[in-house]
Number of protein chains: 2
Amino acid sequence: MQFSPVQPVRAYQRIVEQVEDALARGELVPGQRLPSERELVAQFAVSRSTVREALRVLESNGVVRSRPGDPNGPEILPFSQVALRKQMVRLARVEEVTLSELIGFRMIMDGAAIQVASRLRTPEELDELEQTLVAMRTAIDVDFDAFSQADLAFHELIARISRNSLIQTCNEVVRGVVLGLISDKIAHAPNSRALMLESLHHHAEVVDAIRTGNGNAAARLARQNMFDYYAGYVPDSEQETLRALIEE
Amino acid sequence: MQFSPVQPVRAYQRIVEQVEDALARGELVPGQRLPSERELVAQFAVSRSTVREALRVLESNGVVRSRPGDPNGPEILPFSQVALRKQMVRLARVEEVTLSELIGFRMIMDGAAIQVASRLRTPEELDELEQTLVAMRTAIDVDFDAFSQADLAFHELIARISRNSLIQTCNEVVRGVVLGLISDKIAHAPNSRALMLESLHHHAEVVDAIRTGNGNAAARLARQNMFDYYAGYVPDSEQETLRALIEE
DNA sequence: CTAGTCCACTGGTCAGACCAGTTGCTCTCC
DNA sequence: GGAGAGCAACTGGTCTGACCAGTGGACTAG
């Protein structure tokens, strides 16, 4: 007879589990309301502190929202990847993670999004992509921040067209972290305008490949462009892993 | 003069922010301890309930761990795959993330790991890969669990050879989540042994491509194998996004 | 030296009080 | 009749204080 180690489970955790189980079974759906805290105290037969601690956890997971004075009780929120995103951010910000790892990961994510988008995109979505190119062209004459915003819109659209929310979330996170690390260097580069123009040209090439539905070519182009753009910020000794992602 | 809408910030949220800011600035590092709850009450000049609600949020974010009776106060945690995995599992349960999205993500991660590993692998690492194939061959005659373990060792080694911790982590997490969702179906398939043999054959093909340093071919092979293996578990209407990842 | 007990701390939960915010209803004034 | 003010009953946010189980270290007895 073999026993295994036991672990006490806190009362508030039990409440969290019950609520999430009810969500998984469809017995609670977004838009609905939980009972008030005082009602939950009665139903769960615990103190109000315990209920509130459970609600803090659920809130942090993006499951519910509480508003003071709201007479209808805590609201179930639409499902979102807020908490997953938080964990991805924590992963990306681990101290030992290098810039080259982040850039490599971004190349993979962007490349994959573009590859899938090339196959799945509708004509309307292709039009939207063209519009983002126009916006990028306009933003060049404003400033680097405006160009970054337009660039962001381009990549967010690509990720949306890929219809994979994990790609979307990872892409957003790693793009944000990479940009946070080297944004100053890029914005203050002496040839900033030239870089923006070249970047726009590359984006247009990618859109062309997407238009023709050539996923592999589009992904390879995008990865090559990212390598060219970012390799200068990475130590020579770490570029090998990035090169592996652009070979034919 | 333009004013913007204001939003009250709760006291416990302020505490969460202060702790997370201190982490971001490196003033707190994993392994360190926060002061005890009663000490935090004094430092933040709030009630103990408020401190505890903040700690529930931080705990839910994977930032700290509290143990009853621990005389050293709440512990700062390093990033952990467990928390990332937990969030992915939550999303899968409510179908905010579909099986096809998870499988697609896995194809991308595994494919990328194999592509980079093809370039970076050392002769010693290639030997290690061969050993995992031997272990898989042996495990077929044991049972599906043993084969799964050997399969896991293969993929973990590949991810390690890729020298990208983001790929490693995401790969491990998503593999665990996918396997958790469909493991029962696979283990009880009537042709389980045939599936394991075929899977072993595919892994050997991948290792061959890695040996010759052909990253693109290895990655494509791996993604094709995963598509063949998993496509049956995905609705027809969602297979298009997976097909995009295996086209030439 | 080892085992047991005690003490001072830790975190988990409870009960009750008070406060600010929200909503709906009623009353008064124009 | 319509608009505004006031009130009551609720909501969630925070506070205070008490009690309990768990942990580790110090002390004592064998």
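Helices (H or I, at least four residues) and strands (E, at least two) are DSSP runs, numbered from the N terminus. This is a predicted model, in which local features need pLDDT of at least 70, side-chain atom pairs count only at pLDDT 80 or more, and totals for chains, interfaces and linings use all residues. Residues are numbered from 1 along each chain as its sequence is written, chains are lettered from A and ligands numbered from 1 in the order in which they are written, and side-chain values use heavy atoms, with hydrogens and water left out.

**View 1. The surface near DNA strand C.** A residue is near a strand if one of its heavy atoms lies within 4 Å of it. By that rule, 26 residues surround DNA strand C. The closest are Arg10(A), Ala11(A), Ser47(A), Thr50(A) and Arg48(B). In chain A, H1 and H3 each supply at least two residues of this surface. In chain B, helix H2 (37–44) and H3 each do so too. By class, the surface has eight nonpolar, eight polar and 10 charged residues. Here Ala, Val, Leu, Ile, Met, Phe, Trp, Tyr, Cys and Pro count as nonpolar, Asp, Glu, Lys and Arg as charged, and the others, Gly among them, as polar.

**View 2. Polar contacts to DNA strand C.** A polar contact is a pair of N or O atoms within 3.5 Å; within protein, one must be able to donate a hydrogen and the other to accept it, and residues adjacent in sequence count only if both atoms are side-chain atoms. The side chain of Arg10(A) places an N or O atom 2.7 Å from a phosphate oxygen of DNA strand C. Gly69(B) meets a base instead: a polar backbone atom lies 3.0 Å from a base oxygen of the strand. At Asp70(B), a backbone N or O atom is 3.5 Å from a sugar or linking oxygen of DNA strand C. Of the strand C atoms within 4 Å of the protein, 64% belong to sugar or phosphate and the rest to bases.

**View 3. DNA strand D and its contacts.** DNA strand D is surrounded by 26 residues. Arg48(A), Arg10(B), Ala11(B), Ser47(B) and Thr50(B) are the closest. Of the strand D atoms within 4 Å of the protein, 62% are in sugar or phosphate, and the rest are in bases. The surface near DNA strand D has eight nonpolar, eight polar and 10 charged residues. A polar side-chain atom of Arg52(A) lies 3.0 Å from a phosphate oxygen of the strand. For Asp70(A), a backbone N or O atom is 3.5 Å from a sugar or linking oxygen of DNA strand D. For Ala11(B), a backbone N or O atom is 2.4 Å from a phosphate oxygen of DNA strand D. The elements giving two or more residues to this surface are helix H2 (37–44) and helix H3 (48–60) of chain A, with helix H1 (11–24) and helix H3 (48–60) of chain B.

**View 4. A salt bridge within helix H1 of each chain.** A salt bridge is a side-chain nitrogen of Lys or Arg within 4 Å of a carboxyl oxygen of Asp or Glu. Arg14(A) and Glu17(A) form one, at 2.8 Å from N to O. Both lie in helix H1 (residues 11–24) of chain A, three residues apart, about one turn of the helix. Arg14(A) has a relative accessible area of 45%, so it is partly exposed. Buried means under 20% relative accessible area, exposed over 50%, and partly exposed in between (1.4 Å probe, protein chains only). Glu17(A) is partly exposed too, at 30%. In chain B, Arg14(B) and Glu17(B) also meet in a salt bridge of 2.8 Å, N to O.

**View 5. A salt bridge between chains.** Glu247(A) pairs with Arg119(B), and their closest N and O atoms are 2.9 Å apart. The pair crosses from the segment after helix H11 (239–243) of chain A to helix H5 (residues 99–120) of chain B. Arg119(B) is partly exposed, with a relative accessible area of 30%. Over all chains, the whole structure holds 41 salt bridges.

**View 6. A salt-bridge network.** The linked residues are Arg10(A), Glu53(A), Glu37(B), Arg48(B), Arg52(B), Arg56(B) and Glu59(B).
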